[in-house]
2 protein chains.
Amino acid sequence: MSEDATPAARRARRGSGAVTLHEVARLAGVAPITASRALNTPSQVSAELVRRVTEAVASTGYVPNRVAGGLASARSRLVAAMVPTISGPVFLGTVRALNEALVAQGYQLMLGQSGYADSREDALLEAIISRRPDGIVLTGITHSPLGRRRLLASGIPVVETWDLTSTPIDMLVGFSHSDVGRAVVNFLWANGRRRLAMIGGDDERSMRRQQAFHTAAQAAGLPAVPVITVPAPTTLKSGRCALSELLLTSPDVDAVFCSSDLLALGVMTEARVRGVAVPGQLAVVGFGDLEFAADLDPALTTVRIDSMAIGRQAAQFIVDRAEGREVTSRVVDVGFSIVQRDST
Amino acid sequence: MSEDATPAARRARRGSGAVTLHEVARLAGVAPITASRALNTPSQVSAELVRRVTEAVASTGYVPNRVAGGLASARSRLVAAMVPTISGPVFLGTVRALNEALVAQGYQLMLGQSGYADSREDALLEAIISRRPDGIVLTGITHSPLGRRRLLASGIPVVETWDLTSTPIDMLVGFSHSDVGRAVVNFLWANGRRRLAMIGGDDERSMRRQQAFHTAAQAAGLPAVPVITVPAPTTLKSGRCALSELLLTSPDVDAVFCSSDLLALGVMTEARVRGVAVPGQLAVVGFGDLEFAADLDPALTTVRIDSMAIGRQAAQFIVDRAEGREVTSRVVDVGFSIVQRDST
DNA sequence: GTGAAAGCGCTAACAA
DNA sequence: TTGTTAGCGCTTTCAC
């Protein structure tokens with residue numbers, strides 16, 4: 001496959017021993033830069049040379065070293081995304097769509113988990129910036145002032161997602177969590193429900209939905225809304241526990257808004273075990289419209305977020321910027337909708 | 001925060017304009033190499049100089065360029081992992097544990113999704129190798145001959161996971177899927193079930209469980225086992241559909257082994273809708289022991305895989321290799337267990 | 001304990 | 001269309 005030179009001889013003093021562009025160029029009888037062009041911008045090179053270089057690549061099994069390429073060109077073709085945890089199924093759609101859109105345009109996604117703790121978020125951010133990606137996508141992150149400063153100083157394009165704010169670092173794709181809280185109150189009211197409750201995770205965005213939900217119910221003249229907060233990430237179990245707790249203090253609630261579909265599944269499970277009819281006695285609304293929501297029994301009414309659209313738009317923002325295209329808008333509100341099914 | 005030189009002046013002809021080690025060294029009044037040592041191997045530098053360098057770092061907001069560092073040292077402190085899709089919750093535990101173990105030791109995880117198609121797997125593999133990571137973790141991947149050759153040629157440490165094979169590329173952490181199939185047959189037999197069925201995804205590992213399940217039932221003298229195969233990744237919906245289909249042809253089955261917990265949830269949902277009692281008329285066994293399994297109603301009996309242990313061991317293998325430690329064993333069988341709950 | 005020189009593998013800039 | 005030269009920012013090697 002290779003040549004007469006032994007690996008030991010090839011790796012004179014340093015280097016990994018892998019085939020380099022130099023080697024490929026030598027075999028094809030051209031200068032390294034020509035081999036580089038044949039591979040990256042073949043239109044600039046004669047067809048004959050492209051053929052010879054391609055052949056040399058095939059015969060050596062050459063895989064370009066993008067670390068070196070990135071250093072020389074200051075373009076890594078790498079995009080980093082930061083999520084609290086990949087276990088939370090909420091951002092899954094966004095990450096998948098982001099990955100697909102990036103791969104289709106020749107970029108690669110590097111995923112990092114920050115956890116729900118601030119300290120690790122800063123460490124991860126430094127690790128990310130130190131790789132000089134062409135863009136950074138932040139999903140559901142509340143960034144520390146230090147992180148914000150570092151991001152700004154790095155000059156790397158940043159897309160914040162899953163939220164709207166009046167002070168974005170750079171670009172923004174999201175929706176209003178307060179609007180969600182208010183919309184669900186209106187929806188339940190229109191469905192004849194009057195004794196509302198909410199169960200939500202303790203992350204910042206969920207808290208804003210809770211806040212708005214509470215306020216809107218009050219404004220509508222409804223009785224005080226019991227709110228149960230559970231630790232993020234939310235689980236089926238925390239949903240079950242929360243409903244138990246809720247029924248203890250407010251046995252007469254007739255509707256619950258859960259801050260995730262998984263939580264809603266937990267609530268419905270616990271309701272069934274306790275003989276509480278859904279939707280008869282209790283209406284349940286989820287959040288996220290995960291893939292399983294429509295197939296539950298009863299099918300779950302939930303707030304649908306176009307998670308994939310968020311990922312696609314984030315990819316577009318970053319690729320546009322990386323290719324030097326002019327970006328017209330830097331903020332996109334993807335909105336949301338309430339999908340009515342059998343649980344209300 | 002910065003100095004008198006404008007960004008424009010600093011970025012002479014090339015370069016990103018970010019603060020470099022050079023700059024830090026100049027501010028601290030030392031040579032660049034000393035600054036490098038102060039940051040990476042402080043024990044080799046006098047305390048006073050370490051202090052001055054640290055100060056210069058703080059005052060400039062310097063973030064090291066690990067692309068350059070990686071090129072010079074041939075060590076990236078980057079580990080790549082490849083999963084079919086992050087939507088499949090099965091590998092989530094592994095990825096999370098892998099990430100945690102790596103971060104704790106100063107490495108960073110780069111996650112790539114290959115999809116369930118071979119063509120993309122090869123492309124992703126090339127993209128990964130081109131970044132020269134210090135290790136590659138393959139999760140549930142059936143690699144093409146080309147991929148295998150590339151991996152071998154790259155010289156990068158590789159850990160294959162979630163399976164056992166007699167011909168590993170390099171290192172291996174997994175368990176026997178055939179053993180799982182056999183064990184579940186024995187388990188159901190011991191529970192008095194005789195008319196077994198199986199519902200599984202069409203990925204390779206699930207197929208091996210199906211095969212072994214089928215064969216073991218036959219060997220035990222049980223009636224022919226109906227096997228329903230659904231497309232991977234498996235969903236709640238495909239579980240519901242599969243049970244409907246199953247009951248059409250074999251209304252008398254008394255136990256179903258599902259190749260994922262999500263599938264099992266679908267089966268239990270459909271059973272409830274149809275008035276089929278679980279476990280009374282139908283025993284249900286899942287696979288994975290995902291977090292929600294214990295909290296379903298009825299609680300799900302399932303095959304428990306220590307997903308996190310797989311991730312931790314994979315991290316250990318790679319870090320050991322990267323630090324040049326001698327690796328005694330290259331293969332670890334983490335086994336599995338059957339967790340009996342209320343669905344059987 | 002500190003530094004000078006060289007080079008990792010590639011590509012931007014300039015030249016022919 | 002092709003090549004020469006000079007770095008990208010860091011760390012290795014070797015010398016003091």
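Modeller: A residue is near a molecule or strand if its C-beta atom, placed from the backbone, lies within 6 Å of it. This is a predicted model: local features need pLDDT of at least 70, side-chain atom pairs count only at pLDDT 80 or more, and totals for chains, interfaces and linings use all residues. Residues are numbered from 1 along each chain as its sequence is written, while chains are lettered from A and ligands numbered from 1 in the order in which they are written.

Biologist: Which residues come nearest to DNA strand C?

Modeller: A:Gly15, A:Leu21, A:Ser36, A:Ala72 and B:Thr34, out of 29 around the strand.

Biologist: Which helix gives the largest share of that surface?

Modeller: Helices (H or I, at least four residues) are DSSP runs, numbered from the N terminus. Here H5(A) leads, with five residues. Helices H2 (21-28) and H3 (32-40) of chain A, and H3 (32-40) and H5 (66-73) of chain B, each supply at least two.

Biologist: How do H6(A) and H13(A) pack?

Modeller: Axes are lines fitted to C-alpha atoms, for helices over the stretch in contact, and angles run from 0 to 180 degrees between N-to-C directions. Helix H6 (residues 92-104) and helix H13 (residues 307-322) of chain A pack at about 40°, axes 7 Å apart.

Biologist: How does chain B relate to chain A?

Modeller: Copies are superposed by least squares on the C-alpha atoms of residues with pLDDT of at least 70 in both. A turn of 180° and a shift of 0.0 Å along the axis lay chain B on chain A, with an RMSD of 0.1 Å. That is the relation of a two-fold axis.
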